[in-house]
Amino acid sequence: MKKLLFLPLALLVVTAANAQVKSKGAQTSLQYDSMVNFVGPKPQLLKGQTLRLKESEEAEAAGGYEGFMKRADPDFATAPSNVYKRVPAKSGFYSVSDYDFMRGRDFIVTGIVQQNATAATSNMKVYTLELQEKETGDRLYYDYDGYNADLFNEKFIVVGYMDKMKKLLVGRDFVYTGKEFDKKRSADYRGLRNVENGTLRTDIPAGTSFHCEDVVLEDGNQHRLVAVLSNPTFGSVYTLTADLLNTSGADRKFTTTGDMNNAAIAAQKQTDDIQQSLEARKKEYIMKFGQENGTLIAEGKVKVGMTKEMCILAMGQPLGIATIQEGKDLVEQWEYVSGDYLYLRNGILIRTNFVQPYIDGVSSTWR
């Protein structure tokens, strides 16, 4: 069984079931003016910040990360000559940025470039982040989707955000309320978890006091930010940092004293602002494409019969497009880094091949 290690003044490693938490010494050039990791359609808040590229099981399986460019040209993002630290993908016909080189590296956001909107993204603001790799000084670019929190959060942690959470939470005491955790979350992220094996702790009663020891990244598919808590009787556990921020609401999982309530209010306001932006975009899609298709696109889903424009809005530009002969017809095969495929004939989606199964005829994407 893997163990939990606290290494003073060094790298902290927390290991859970199929998961390991790692935290590098955090450095950033500017104070981070946000209470959330994903800033939605306001990428200007990221300028001057350091983005740490998370490890990823999906990227490792593919051989590398997608989306990193040598120059800010989204129309040629996957052209072999424009892929930063290019290596052939382990499957498919596209190129990716070398996983072993990229994982865990820090990139400073030195600029924000707003791209010219294409026909398929005429109602969206498309931005490209200008990045500088900290160790080598290399200049590179990454397209930023201000309406896709999962895409950003699964790939990056803003070091300034992690610093802010450390300063806010570490060293503070919290009292567990015993209230049920959000069932909408994946089961792996509900409740208090044992740091030694990741199992759910059901033996901890309401009223138990915990001391926050550290804020770290958990290994796994999403590398979420978690807080490591300790209690003399029940040992060390971890929970999402979001659970510690909400200490005043009716559904709070913990209580504490001091300025935490103000921090929670600020975080909730930013989250609400981003959600309002998402809802506004959803309304635009519904007005343009109808209730069903507009809702699916806003949720990052596609359905047979959708147009090329709808597919791009839902899933983004594909990593590569191949033309295949099917009888007398030419069919476009769109490939995504997740291993998902779309097949279009005359600009209309005719079928899909998804890692995730169909749900009532609708394909859920990894976006």
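Colleague: How many bridges join strand β8 to strand β9, and in which sense do they run?

Modeller: Strands of a sheet pair through backbone hydrogen bonds, either parallel or antiparallel. In this predicted model, β8 (residues 106-114) and β9 (residues 127-133) run antiparallel, joined by seven bridges. For a register point, take I112: its opposite number in β9 is L129.

Colleague: Which strands make up the open sheet, and in what order?

Modeller: Six strands, ordered β5-β10-β9-β8-β3-β11, with antiparallel pairing.

Colleague: Why is one side of β5 and of β11 left without a neighbour in the sheet?

Modeller: β5 (68-69) and β11 (156-158) stand at the edges. Each has a single partner strand, so one side of each has no neighbour in the sheet.

Colleague: Which strands does α4 lie across?

Modeller: Helix α4 lies across β3 (50-53), β8 and β11. Against β11, the helix runs at about 55°.

Colleague: Now the packing. Which residues touch the most other members of the largest nonpolar core?

Modeller: The general idea comes first. In soluble globular proteins, nonpolar side chains tend to be buried together. Here the largest nonpolar core has 47 residues, and L46, L51, F68, L131 and L229 touch the most other members. Helix α4 (residues 159-169) gives the most to this core: five residues.

Colleague: What does L46 touch, leaving out residues up to four places away in sequence?

Modeller: L46 touches Y32, V39, L51, V109, L129, Y144, F152 and V158. L129 is the residue that stands opposite I112. There is also a second, separate core of 18 residues, with L296, C311, M315 and L342 among them.

Colleague: Why is helix α8 described as largely enclosed by the rest of the structure?

Modeller: Count the buried residues; the cut-off is under 20% relative accessible area. In α8 (residues 308-315), six of the eight residues are buried, so the rest of the structure largely encloses this helix. The buried ones are M310, C311, I312, L313, A314 and M315. Of these, C311 and M315 are included in the second core.

Colleague: What follows α8, and what is the sign of its phi?

Modeller: G316 follows, with a positive phi near 85°.

Colleague: Back to strands. Which residues do Y65 and P88 stand opposite in β7?

Modeller: Take the pairings in turn. β4 (residues 64-65) pairs with β7 (residues 95-98) over two bridges, in the antiparallel sense. Y65 stands opposite S97. β6 (residues 86-88) is joined to β7 by three bridges, again antiparallel. There, P88 faces S95 as its opposite residue.

Key: Residues are numbered from 1 along each chain as its sequence is written. This is a predicted model: local features need pLDDT of at least 70, side-chain atom pairs count only at pLDDT 80 or more; totals for chains, interfaces and linings use all residues. Side-chain values use heavy atoms; hydrogens and water are left out. A nonpolar core is a set of buried Ala, Val, Leu, Ile, Met, Phe, Trp, Tyr and Cys residues joined through side-chain atoms within 4.5 Å. Buried means under 20% relative accessible area, exposed over 50%, partly exposed in between (1.4 Å probe, protein chains only). Helices (H or I, at least four residues) and strands (E, at least two) are DSSP runs, numbered from the N terminus. Contact means heavy atoms within 4.5 Å. Two strands pair if DSSP finds at least two bridges between them. Axes are lines fitted to C-alpha atoms, for helices over the stretch in contact, and angles run from 0 to 180 degrees between N-to-C directions.
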